Amino acid sequence: MYDNLGAQPGVPRQPTNAQPNPFGNAFYGAGSGLIRGGLGAYGEKILGSGSEYVQSNISRYFSDPQYYFQVNDQYVRNKLKVVLFPFLHRGHWTRITEPVGGRLSYKPPIYDINAPDLYIPFMAFGTYVVLAGLSLGLHGKFRPEALNWLFIKGLVGWFLQVSLLKMSLFSLGSGEAPLLDIVAYAGYTFTGLSLAVVGKIIWSYSYYFLIPWISLCVGIFLVKTMKRVLFAEVRSYDSSRHHYLLLFIALAQFPLLIWLGNISLNWLF
C-alpha cells in the first residue's frame with residue numbers, strides 16, 4: 001500500500017518488474033516472423049500478378065512508344081510511296097514477326113515497311129498546319145489565332161479518323177489492336193493533305209483534282225491495312241460485314257479530307 005509513496009530513506013526498495021517469459025518472446029518472434037513472411041509473400045504475389053496484368057494490358061493496347069520512332073530515310077521514302085500510291089505497292093501487306101522473349105513480336109518500322117510509325121504522322125501534321133497558315137496568309141486571311149485554330153481542327157480530324165477505325169474494329173469484335181497503331185494509321189492522312197495544300201498554294205484549281213485523288217489513295221491504303229488487321233484479330237470471319245465495313249472506311253475519307261483540306265477559319269466551310 002506504500003508503493004505509490006516513493007522511496008523511503010533507509011528502506012531498501014524491492015524490484016517491481018516481472019520476470020521475462022522466454023516462451024512468450026519465442027511465440028511472439030515466431031508469430032511475427034510468420035505474419036511478416038506470409039503477408040510479404042502474399043503481397044508480392046498480388047503485386048507481381050497486378051504488375052504483370054498492367055504491363056500485359058499496356059503492351060496489348062498501347063505498345064512501346066519508342067517502337068514507333070525507329071525509322072530512317074529509306075523507310076520514310078518507301079512509306080510515303082505506299083501511302084500516296086498504294087496501288088503501286090507490289091509486295092505483301094502483312095507485318096514481319098520475330099521471336100522476342102519466348103513470344104512473337106513485330107519488327108520495328110526500320111525493318112518492315114508495313115509497320116506503323118508515328119514519325120511521319122507527326123511531321124505531316126505539323127507540315128499541314130504550317131502550310132495551311134501559309135495558304136491563309138497568301139490569300140490575306142491570316143490572323144494571329146489562325147495557327148491555333150488550324151491546329152485544333154487538325155486534331156479533331158485526327159481524332160475522328162482514329163474513332164472511325166477503332167469503332168470499326170470494335171463492331172466486328174476486334175478491339176485488341178494497339179491504340180498507337182490506330183493513331184499512326186489515322187495520322188498518315190496528313191501526308192496527302194499536305195500535298196493537297198501545296199498544290200492549292202501553287203495553283204488553286206489543283207485542289208479540286210488533288211483532294212479526290214488523295215482521298216481515294218488514303219482510302220485504298222486504309223482498306224489494305226485494316227483488311228490485314230481484321231484478318232489477324234477477328235476470331236469469326238463474316239465476308240459481307242468485312243466488305244461493307246471496308247467500303248465505309250474508304251468512302252468516309254472523301255468528306256473528312258474535303259473538310260480538312262478546305263483551309264478556312266470556320267468549322268464547316
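Start with the largest nonpolar core of this predicted model. Select Y128, L165, I182, Y185, F190 and M226: of the 55 residues in that core, these touch the most other members. Next, colour the elements that give two or more residues to the core, which are α2, α3, α4, α5, α6, α7 and α8 (239-261). Among them, α7 gives the most, with ten residues. In soluble globular proteins, nonpolar side chains tend to be buried together.

Move to helix α5, residues 179-187. How many of its nine residues are buried? Eight of the nine are, so α5 is largely enclosed by the rest of the structure. To see them, select L180, D181, I182, V183, A184, Y185, A186 and G187. Two residues of this list, I182 and Y185, were already selected in the core.

Stay on α5 and select D181 together with R95. D181 forms a salt bridge with R95, and the closest N and O atoms are 3.0 Å apart. This pair links distant parts of the chain: D181 belongs to α5, while R95 is in the loop between α2 (73-84) and β1 (97-100), 86 residues apart. Are the two partners buried or exposed? D181 has a relative accessible area of 7% and is buried. R95 is also buried, at 13%.

Keep R95 selected and add Y106. R95 lies over the face of Y106, at 4.0 Å from the ring centre. R95 therefore takes part in a salt bridge with D181 and also sits over an aromatic ring.

The count of salt bridges comes to two. For the other pair, select R143 and E145, whose closest N and O atoms are 3.6 Å apart. R143 is partly exposed, with a relative accessible area of 42%. E145 is partly exposed as well, at 39%.

Now turn to the aromatic rings. The structure holds 14 aromatic pairs. Select F125 and F151 to look at one of them: the pair is edge-to-face, 5.4 Å centre to centre, with 70° between the planes. F125 lies in helix α3 (residues 119-138) and F151 in helix α4 (residues 146-171), so the pair ties together parts that are 26 residues apart in sequence. The partners differ in cover: F125 is buried, with a relative accessible area of 6%, whereas F151 counts as partly exposed at 40%.

Widen the selection to F69, F122, F125, Y128, F151, W158 and F190, which ring pairs link into a cluster. Y128 and F190 in this cluster are also among the core residues that touch the most other members.

Finish on the surface. Which residues make a nonpolar patch there? Select V198, I202, W203, Y205, Y208 and F209, which form a patch of about 760 Å². The elements that give two or more residues to the patch are α6 (189-202) and α7 (207-233). F209 is placed in helix α7. F209 counts as exposed because its relative accessibility is 59% and the cut-off for exposed is over 50%.

As a last stop, select K200 and Y207. The charged end of K200 sits over the ring of Y207, 4.7 Å from its centre.

Note on methods
Residues are numbered from 1 along each chain as its sequence is written. This is a predicted model: local features need pLDDT of at least 70, side-chain atom pairs count only at pLDDT 80 or more; totals for chains, interfaces and linings use all residues. Side-chain values use heavy atoms; hydrogens and water are left out. Patches are made of residues with over 30% relative accessible area and no salt bridge: like charges are joined within 9 Å, nonpolar side chains (Val, Leu, Ile, Met, Phe, Trp, Tyr) within 5 Å. Accessible areas come from the Shrake-Rupley method with a 1.4 Å probe; for residues, only the protein chains shown count as cover. A salt bridge is a side-chain nitrogen of Lys or Arg within 4 Å of a carboxyl oxygen of Asp or Glu. Helices (H or I, at least four residues) and strands (E, at least two) are DSSP runs, numbered from the N terminus. Buried means under 20% relative accessible area, exposed over 50%, partly exposed in between (1.4 Å probe, protein chains only). Rings of Phe, Tyr and Trp (its six-membered ring) pair if their centres lie within 6.5 Å; planes under 30 degrees apart count as stacked, over 60 as edge-to-face and the rest as tilted. A charge sits over a ring if NZ of Lys or CZ of Arg is within 6 Å of the ring centre and within 35 degrees of the ring normal. A nonpolar core is a set of buried Ala, Val, Leu, Ile, Met, Phe, Trp, Tyr and Cys residues joined through side-chain atoms within 4.5 Å.
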